[in-house]
Amino acid sequence: EKGTYPHYMLKEIDEQPAVLRKIIQAYQNEQGELTIDSAILDALKEADRLYIIAAGTSYHAGLIGKEYFEKIAGIPVEVHISSEFGYNMPLLSKKPLFIFITQSGETADSRQVLVKIKEKGYPTLTVTNVPGSTLSREADHTLLLHAGPEIAVASTKAYVAQVAVLMVTASVFAKSQGKELDFDVVKELGIVANAVQAIVDTKEELEEIAAEYLSTTRNAFFIGRNVDFYVSLEGALKLKEISYIQAEGFAGGELKHGTIALIEDGTPVIALATQKAVSLNVRGNVKEVVARGANPCIIAMEGHEEEGDRFVLPKVHEFLAPLVAVIPLQLISYYAALHRDCDVDKPRNLAKSVTVE
Ligand code: F6R
């Protein structure tokens, strides 16, 4: 039930701090340590490479999951779009583990890959929000997102839950391999939950940004580097699916290799700068587009913000920055869709779960 909320999407955006706290709780043991099912841990230990298979928003979460598994747990990861993987399978490693990320657990493109992979006898894990869903039943193992039902077509809280659960899984796996983490995941996820709360409490400011940048524009660009690039892809998808504004996400350095030709006077460019090591490079990319007339909206992280930044995110661990950086993008998309009189919860041409290939 959406209660007093005008839309499920807004309700689900607001639920995100609670979802993060729920995940911390659900994956903690009695000693307060994070833990996952031992059979899943064994499957991870057996594997020499992880293959993440997903579509849409879940694919974007998978890209961030790759960073976590590679940087924290030291295992190579490939992330694939399920509809492509089905007929264009890459050469596989000797001991692959397939991880399907799917909010609904019903996406036909992903299921088709699961069926093929099972025929080949490889181990499979589904990360889903829906216990008992098709992909959960058909895979060897399941990790649950604990996000509660997601009704709005545009995925918000499930994405945040996917990124958080992938972090939990990567960190538990790393520890089981004797790797020392230089940060406390439970503590840092708690900080993220508070940061997300602080952002959803600043809705007026984000509504203003949407009005200023997006109420009449034809197109919009999102840029970022490193994990901010992946969040840019998600920001662009969110905006286009509910507001019908043509939006694209780019790696900061890639824009100038062609797409910069599309920048005109007033074109909105939303730039994410949460990663200290590349923040100056992103700011350099912003200068390039501003020189061509773009209307820049820099979203930076506290600690390395600069004057003129349009929105400053509360400081969180850099690995977890995607969990906070995506929140203003969700809200900006929501308000842009409202201002343009779009049906926020049920955008045209889209269904909540895509059960055709
Ligand atoms: C975007 C969105 C879709 C889904 C995609 C995969 O907001 O909701 O892109 O992410 O259709 O769906 P699941 O995760 O259910 O497999």
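**Core.** I began with the nonpolar core of this predicted model. The largest one has 102 residues. I looked up which residues have the most contacts inside it, and found Leu50, Tyr68, Phe69, Ile299 and Val324.

**One residue up close.** I picked Phe69 and listed what it touches, leaving out residues up to four places away in sequence. Phe69 touches Leu44, Leu50, Gly74, Ile75 and Val77. It also touches Leu166, Thr169, Ala170 and Phe173. Leu50 is in both of my lists: it is a contact of Phe69 and one of the residues with the most contacts in the core.

**A second core.** Apart from the largest core lies another, of 15 residues. Among them I noted Ile263, Val269, Ala271 and Ala294.

**Burial.** I then checked the whole chain. Of its 357 residues, 57% count as buried. My reminder to self: in soluble globular proteins, nonpolar side chains tend to be buried together.

**Fold and size.** I counted 13 helices and 10 strands in the chain. The radius of gyration is 20 Å, and the globule rule gives 21 Å for 357 residues, so the chain is as compact as a globular protein of that length. Along its principal axes, the C-alpha trace spans about 55 × 45 × 45 Å.

**Contacts along the sequence.** I took the contacts with a separation of 6 or more. Residues 24 or more positions apart account for 76% of them.

**Surface and charge.** The accessible surface comes to about 14500 Å². Carbon and sulfur atoms hold 48% of that surface. I found 35 positive and 48 negative side chains. How far apart are the centres of the two sets? They lie 4 Å apart.

Note on methods:
Residues are numbered from 1 along each chain as its sequence is written. This is a predicted model: local features need pLDDT of at least 70, side-chain atom pairs count only at pLDDT 80 or more; totals for chains, interfaces and linings use all residues. Side-chain values use heavy atoms; hydrogens and water are left out. A nonpolar core is a set of buried Ala, Val, Leu, Ile, Met, Phe, Trp, Tyr and Cys residues joined through side-chain atoms within 4.5 Å. Buried means under 20% relative accessible area, exposed over 50%, partly exposed in between (1.4 Å probe, protein chains only). Contact means heavy atoms within 4.5 Å. Helices (H or I, at least four residues) and strands (E, at least two) are DSSP runs, numbered from the N terminus. The radius of gyration is taken over C-alpha atoms; the globule rule is 2.2 Å times the number of residues to the power 0.38. Accessible areas come from the Shrake-Rupley method with a 1.4 Å probe; for residues, only the protein chains shown count as cover. Lys and Arg count as positive and Asp and Glu as negative; His and the chain ends are not counted. The place of a charge is taken as NZ of Lys, CZ of Arg, CG of Asp or CD of Glu.
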